[in-house]
4 protein chains.
Amino acid sequence: MRPKDESKREAILNSAMVLINTYGLAHTSMSKIAREAGVSPATIYIYFENKDHLLITLYVEVKREMSRAILDSLDDDLEIRDAFRLMWENLYAYYLAYPDHFVFAEQFCNAPIVDAVEKEDAEGFFAPFTHLIERGQDAGVLKPVSLDLLLAFAFHPLTQLAKQHVKEGTAMDDEGLEAAFSCAWDAVAIS
Amino acid sequence: MRPKDESKREAILNSAMVLINTYGLAHTSMSKIAREAGVSPATIYIYFENKDHLLITLYVEVKREMSRAILDSLDDDLEIRDAFRLMWENLYAYYLAYPDHFVFAEQFCNAPIVDAVEKEDAEGFFAPFTHLIERGQDAGVLKPVSLDLLLAFAFHPLTQLAKQHVKEGTAMDDEGLEAAFSCAWDAVAIS
Amino acid sequence: MRPKDESKREAILNSAMVLINTYGLAHTSMSKIAREAGVSPATIYIYFENKDHLLITLYVEVKREMSRAILDSLDDDLEIRDAFRLMWENLYAYYLAYPDHFVFAEQFCNAPIVDAVEKEDAEGFFAPFTHLIERGQDAGVLKPVSLDLLLAFAFHPLTQLAKQHVKEGTAMDDEGLEAAFSCAWDAVAIS
Amino acid sequence: MRPKDESKREAILNSAMVLINTYGLAHTSMSKIAREAGVSPATIYIYFENKDHLLITLYVEVKREMSRAILDSLDDDLEIRDAFRLMWENLYAYYLAYPDHFVFAEQFCNAPIVDAVEKEDAEGFFAPFTHLIERGQDAGVLKPVSLDLLLAFAFHPLTQLAKQHVKEGTAMDDEGLEAAFSCAWDAVAIS
DNA sequence: GATGAATGAGCGTTCATTCAT
DNA sequence: AATGAATGAACGCTCATTCAT
């Protein structure tokens with residue numbers, strides 16, 4: 001027997017992402033994914049149980065890669081502000097480097113299908129953020145408010161900015177990034 | 001010729017919104033919308049040219065209502081901070097009062113179909129925000145950074161918070177709202 | 001709106017029967033039925049909830065017609081033997097006149113799907129037989145054995161004979177029919 | 001080269017029979033048969049040329065075993081009636097002992113695929129019946145009517161009765177069997 | 001204006017069979 | 001001999017839309 005072809009699995013996942021970003025979840029069919037990936041529709045079902053599983057797998061893997069990218073060069077010895085800044089830059093760099101991942105994740109997580117993602121899979125993504133924020137609060141550097149609140153101010157505006165930049169094909173320069181980070185830091189840090 | 005029945009139009013739009021929020025854009029068909037609205041599929045085409053037009057109309061109307069809600073009690077004589085605060089509270093109140101509108105808008109604006117919305121329709125929504133921010137910058141109260149950046153920090157975290165609260169069925173109390181607003185203000189105001 | 005087209009419903013049912021008799025239940029798809037009936041596959045679903053409902057409806061209607069044919073000219077005033085004979089002849093005549101009905105019913109009732117037929121629908125068919133047999137037993141003309149047993153001998157061999165005749169394109173002449181009926185009568189009557 | 005594994009062949013045939021009896025010819029796929037038999041779909045094609053061959057082989061083997069069972073203890077020295085009675089009892093016992101065989105055979109032989117069975121394979125089954133009937137007619141014990149007619153009355157009602165008993169999980173006791181046999185004998189014997 | 005009937009195209013999925021190991 | 005991977009065609013069914021009343 002032939003071994004499973006890992007490149008096929010990835011072609012399927014990537015084709016799904018590209019089509020979803022281009023035409024939307026609503027107009028991306030299994031046949032189209034298969035055609036784009038250069039396989040038979042039936043082949044998809046060797047790698048994924050059904051369409052929902054395929055989409056959820058794609059989301060979870062994208063989120064996992066995002067999570068990994070953010071942690072790059074991160075170190076517990078860094079000052080809170082520097083660590084925060086590094087994650088912020090990592091995230092923005094990731095958004096620019098893999099806009100597909102990012103655009104897909106935003107579409108997916110705003111659709112009801114996201115509720116089918118297992119909780120542990122979903123929340124793993126936020127762990128590095130959470131950890132940093134708790135560290136910052138313990139050190140008396142970050143405001144003593146709820147985690148959700150800090151998360152919303154620390155990283156969500158960046159996502160919003162990246163969304164616009166990806167759509168317009170623009171990007172922030174160092175100065176813009178510096179200004180943006182300042183806003184974020186002012187929002188969450190004790191002045 | 002009977003006049004078009006406004007209540008039918010409303011029923012169709014509302015049914016679409018409810019189904020899309022429950023099952024997703026991808027699983028909401030014209031037949032289902034018709035059944036939910038208690039009309040024939042053919043009737044929908046009397047009120048809307050086709051499915052895309054129906055969805056876009058729904059989005060634009062939802063956004064327009066949001067816009068209107070935010071402006072409630074707003075007055076150019078208010079101090080910048082107070083005006084900002086009022087809009088912030090209006091928006092959060094609207095999210096809680098009409099979670100359907102809000103959930104639908106988030107799903108829609110993260111799907112590619114949003115690109116089919118006429119620019120003037122889409123941007124009208126932001127006008128009150130824009131106007132306020134420009135006033136604040138002129139007065140030297142808000143940071144002299146790009147409009148997009150201030151918008152991202154001033155209102156986007158609130159959307160993110162509301163998304164969680166709607167999903168979990170919770171809400172911020174006055175104290176929480178105060179803390180959240182402080183973060184937003186610190187992000188955008190000159191300290 | 002257009003009224004439902006009764007001729008379409010019948011074309012669908014008849015096409016299904018013809019295809020099932022020719023190619024078997026296993027090789028008769030909704031598309032093929034639609035093509036044979038000259039309608040769109042989607043149209044079938046206006047008249048029948050799904051494939052199973054279509055097949056079951058077909059079976060029940062075929063059985064109902066058989067039942068009606070058997071009762072033709074039947075009269076409670078007839079002697080038991082004459083009534084029995086009339087039903088026997090009616091049934092054989094029906095088999096020869098509508099071999100499709102008969103062949104379909106045999107295939108259907110030997111497949112597991114027959115278990116999905118509502119009991120009352122299924123047993124209505126046997127009512128005339130049952131009634132006659134009970135009358136015969138009360139009159140002391142038929143053997144006092146179980147109903148199932150008498151039914152099995154009174155009518156099932158005829159079905160078997162008809163099956164062969166239909167397949168071979170032959171038929172019993174009057175003499176053959178007389179001989180066959182004698183066997184049946186000897187089987188069930190008190191000598 | 002390993003020798004073909006007879007137990008695998010049996011497992012495939014038996015799995016096919018079980019699935020067909022449970023879900024019907026129409027819903028029994030090669031993959032399901034393979035899964036049920038604990039082999040790969042490809043393995044089935046080592047033992048059988050294709051699906052039709054598999055089904056036909058199954059039918060022919062089932063019929064051959066039935067045929068063998070009926071002949072058990074049969075002896076040309078027996079009186080016609082006793083021989084007839086023995087075959088009748090053998091057949092009923094076989095039906096009760098191997099209801100799967102019997103249910104499968106009835107489904108199969110009422111579907112068009114039965115026409116693909118080679119004539120000699122199919123008719124071999126009836127040889128013992130035929131032989132007995134001819135002996136009985138020569139001896140002047142059985143009615144001098146066509147073979148098909150006698151066969152239809154002699155054994156077909158039993159099949160019908162067994163079908164009901166298998167479905168209901170009941171069985172005839174000795175008394176019931178005696179009564180049933182009497183009917184059959186009265187049908188075919190010269191009084 | 002409003003309807004249920006009607007449709008060809010397409011949906012997600014499984015089919016019987018073959019391939020490559 | 002035996003396998004799981006792979007497939008194009010077909011499955012049952014629903015889609016967005018239009019027709020006829």
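Me: How many nonpolar, polar and charged residues does the surface near DNA strand E have?
Reply: The model is a predicted one. In it, 42 residues lie around DNA strand E, and those that come nearest are M1(A), K51(A), T43(B), T43(C) and Y47(C). By class, this surface has 19 nonpolar, eleven polar and twelve charged residues.

Me: What percentage of the atoms of DNA strand E that come within 4 Å of the protein do sugar and phosphate account for?
Reply: M1(A), K51(A), T43(B), T43(C) and Y47(C) come nearest among the 42 residues around DNA strand E. On the DNA side, counting atoms within 4 Å of the protein, the sugar and phosphate share is 65%.

Me: Which elements each supply at least two residues of the surface near DNA strand E?
Reply: Chain B and chain C are represented by α3 (41-47) of each chain. Chain A and chain D are represented by two helices each. For chain A and for chain D these are α2 (30-37) and α3 (41-47).

Me: Which side chain has a polar atom 2.8 Å from a base nitrogen of DNA strand E?
Reply: Two other side chains have a phosphate oxygen as partner. A polar side-chain atom of T43(B) is 2.4 Å from a phosphate oxygen of DNA strand E, and one of S29(D) is 3.2 Å from a phosphate oxygen of that strand. The side chain with a base nitrogen of the strand at 2.8 Å is that of S40(C).

Me: How is chain C related to chain D?
Reply: Two copies of a chain are related by a rotation about an axis and a shift along it. Here a turn of 180° and a shift of 0.1 Å along the axis lay chain C on chain D with an RMSD of 0.1 Å. The two copies are therefore related as by a two-fold rotation axis.

Me: Which residue of chain C has the C-alpha nearest the axis?
Reply: The axis is the one about which a turn of 180° lays chain C on chain D. In chain C, the C-alpha nearest this axis is 1.8 Å from it and belongs to A26(C).

Me: What percentage of the contact residues of chain C recur in chain D?
Reply: The contact takes 36 residues from chain C and 37 residues from chain D. The same surface serves both copies, and the share of chain C contact residues that recur in chain D is 97%.

Me: Which residues of chain C lose the most area to chain D?
Reply: About 2800 Å² is buried between chain C and chain D, and carbon and sulfur atoms give 66% of that area. On the side of chain C, three residues together make up 22% of what is buried. These are N110(C), F153(C) and C183(C).

Me: Which element gives the largest share of the side of chain C that touches chain D?
Reply: Between chain C and chain D there are eight residue pairs in polar contact. Elements giving two or more residues to this side of chain C are α1 (6-23), α6 (99-109), α9 (147-154), α10 (156-168) and α11 (174-188). The largest share is eight residues, and the element that gives it is α11(C).

Me: Which residue of chain D meets K143(C) in a salt bridge?
Reply: The count between chain C and chain D is four salt bridges. In the one with K143(C), N and O are 2.6 Å apart, and the partner is D186(D).

Me: How many residues does the contact between chain B and chain A take from each chain?
Reply: The area buried between chain B and chain A is about 2800 Å², with 66% of it from carbon and sulfur atoms. In chain B, N110(B), F153(B) and C183(B) lose the most area to chain A, together 22% of what that side buries. The contact takes 37 residues from chain B and from chain A 37 residues.

Me: Which residue of chain A forms a salt bridge with K167(B)?
Reply: Four salt bridges are found across the interface of chain B and chain A. In the one formed by K167(B), the closest N and O atoms are 3.4 Å apart, and the partner is D115(A).

Me: How far apart are the nearest C-alpha atoms of chain B and chain D?
Reply: Chain A and chain C have no contact, their closest C-alpha atoms lying 19 Å apart. Chain B and chain D do not touch either, and their nearest C-alpha atoms are apart by 28 Å.

Definitions and conventions:
Residues numbered from 1 in each chain as written. Chains lettered and ligands numbered in written order. Predicted model: local features only at pLDDT ≥ 70, side-chain atom pairs only at ≥ 80, totals over all residues. Heavy atoms only, no water. Contact = heavy atoms within 4.5 Å. Buried area = accessible area lost by both parts, 1.4 Å probe. Salt bridge = Lys/Arg side-chain N within 4 Å of Asp/Glu carboxyl O. Least-squares fit on C-alpha atoms with pLDDT ≥ 70 in both. Polar contact = N/O pair within 3.5 Å; in protein donor to acceptor, adjacent residues only side chain to side chain. Helix = DSSP H or I, 4+ residues; strand = E, 2+ residues; numbered from the N terminus. Near = heavy atom within 4 Å. Nonpolar A, V, L, I, M, F, W, Y, C, P; charged D, E, K, R; others polar.
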